[in-house]
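Here are some exercises to work through with the model open beside you. Try each task before you read its solution.

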Amino acid sequence: MTRRPNVLVVLTDQWRAQATGYAGDENVSTPVLDTLAAESVNFTEAVSGTPVCCPARASMLTGQYPLQHGVYINDVELEPTGSTLAEEFATAGYRTGYIGKWHLYGSPDGNYGRRKLPVPREKRFGFEYWKAAECTHNYNSSLYFHGDDPQPKTWPGYDAHAQTEDACGFIAQNSAGEDPYFLMLSYGPPHFPLHTAPQEYRQRYTDAEITLRANVPDEAAQESAQALRGYYAHIAALDDCLAQLLAAVENSGTAEDTIIIFASDHGDMMGSHGIRHDVKVCPWDEAVRVPMLVRYPRRFGREGRTDTSPFDMPDLMPTLLGLCGLPVPGHVTGTDVFGTRPAHRAHSSFLSLPVPILWARSYGFDAYRGIRTATHTYIRTRTSPWLLYDNVADPYQQQNLCGQPEATGLQRDLDAELNHWLADLDDDFAPPETYLHADGLEHYFEVNTPVGTPPADSSITPVGQ
């Protein structure tokens, strides 16, 4: 039997799709990532349908949507109802490994109590090689646990550098044998704290002029530019890390038969629409759209291409299994982006925030459901339509067409497509408190953030809780 391909998933945290050189961001230099994009299938419309850390990561590993796998807010313990991505690869004979940030063990106290505790073997869901931590963003004194050792260790220096070195070692050690490998390398940056990248990268942006997106209001400009300087410094550091990873894959002699995924769990508003940096959870493109590159030279060659097909986090598991010739379990509800898909799934991605948390509450956002196509975004709350954008004519989503006479037919069609999604996923769009009560999550800190109003410089219209 022909040896199955290796798989390397490089997952970043809070890296929005717009913040790359290949996507046209003139502020940032990402030469290595740009080269990877030029050799990959670049899914330009990829999204994090529920743009929150834990829901996105749980969807990647289960192939399910948040209300199906149960992690629809942060720090809920993932308890899969079927096999996970790594378990499927392990069953198929892959040597599995995970390095970096996990964030799926959860904190049942609702107040981050497990974030510095070791993750038990049974909660690693098929990952054998293990150098990871539940959640830390102290990048220069970053703890991790090695295998079953309950004593925490600390990555030397900037953790992304050390994690990259470890990943390169894993690649070198596991490329020569008969069995392929599946490795996930999960970086913490460019998630905040934003000004903790190594000095050499921070210096590049200390005095740099920052060109802001057109939807950042003047009142938010100074704070956003300063935040972006730190954000871009982290990105520059990760670009150098990526150079090491790609070199390790090439040096292993298995590059043609190694699938490389580069992705992020969600984006960051960074002042767009007057919503401050560090905020995700929103349905706007800055939070929702993520980089998603798929390089597999044996199948696709090294001549890159763009693909405007929908790609959401639940699609990662069936897509990888499909590329490796492995069966997709029946409990998976995402779809293989290279396979045959139902009409609505081939046209749109499903967006949802079943329960508003943290900044969603402080900005006054209600729970929402919606869809994003290559051309439009449509969002509604439980009570009414909320947002409708023409993403081609209005790429910064500044003109809300909801209720406008000229958009009546369009809004009707998108609403019908959203209803198709809701029926497909058996999503009853219940009030947030219904889900929290049913799952015993009402005590969680993030769902009890005081409901407030957006700052005066916000350009969006809030929807009351």
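**Exercise 1.** Locate S142, and work out whether S142 is buried or exposed.

*Solution.* Start with the strands: S142 sits in the loop between β4 (129-133) and β5 (143-146). Helices (H or I, at least four residues) and strands (E, at least two) are DSSP runs, numbered from the N terminus. This is a predicted model, where local features need pLDDT of at least 70, side-chain atom pairs count only at pLDDT 80 or more, and totals for chains, interfaces and linings use all residues. Residues are numbered from 1 along each chain as its sequence is written, and side-chain values use heavy atoms, with hydrogens and water left out.

Next, the surface: S142 has a relative accessible area of 1%, so it's buried (under 20% relative accessible area; exposed is over 50%, partly exposed in between, with a 1.4 Å probe and protein chains only).

**Exercise 2.** Find what surrounds S142.

*Solution.* Skip its neighbours within four places in sequence, and you're left with contacts to T136, K153, T154, W155, D159 and Q163 (contact means heavy atoms within 4.5 Å). Now zoom in on D159: its side chain and that of S142 share a polar contact of 2.9 Å. That term covers a pair of N or O atoms within 3.5 Å; within protein, one must be able to donate a hydrogen and the other to accept it, and residues adjacent in sequence count only if both atoms are side-chain atoms.

**Exercise 3.** Explain why C241 has no disulfide with C168.

*Solution.* A disulfide is a pair of cysteine sulfur atoms within 2.5 Å. The closest cysteine sulfur to that of C241 belongs to C168, but it's 8.9 Å off, so too far for a bond. By this rule the count is zero disulfides. As for accessibility, C241 is buried at 0%, and C324 is buried too, at 3%.

**Exercise 4.** Trace the open sheet that contains β11, and say which strands stand at its edges.

*Solution.* Four strands line up as β11-β12-β13-β14, with antiparallel pairing (two strands pair if DSSP finds at least two bridges between them). β11 (348-353) and β14 (385-390) are the edges: each has a single partner strand, so one side of each lacks a neighbour in the sheet. From one strand to the next, the twist averages 10° (axes are lines fitted to C-alpha atoms, for helices over the stretch in contact, and angles run from 0 to 180 degrees between N-to-C directions).

Now check one pairing: five bridges join β13 (residues 376-380) to β14, and T377 has Y389 as its bridge partner in β14.
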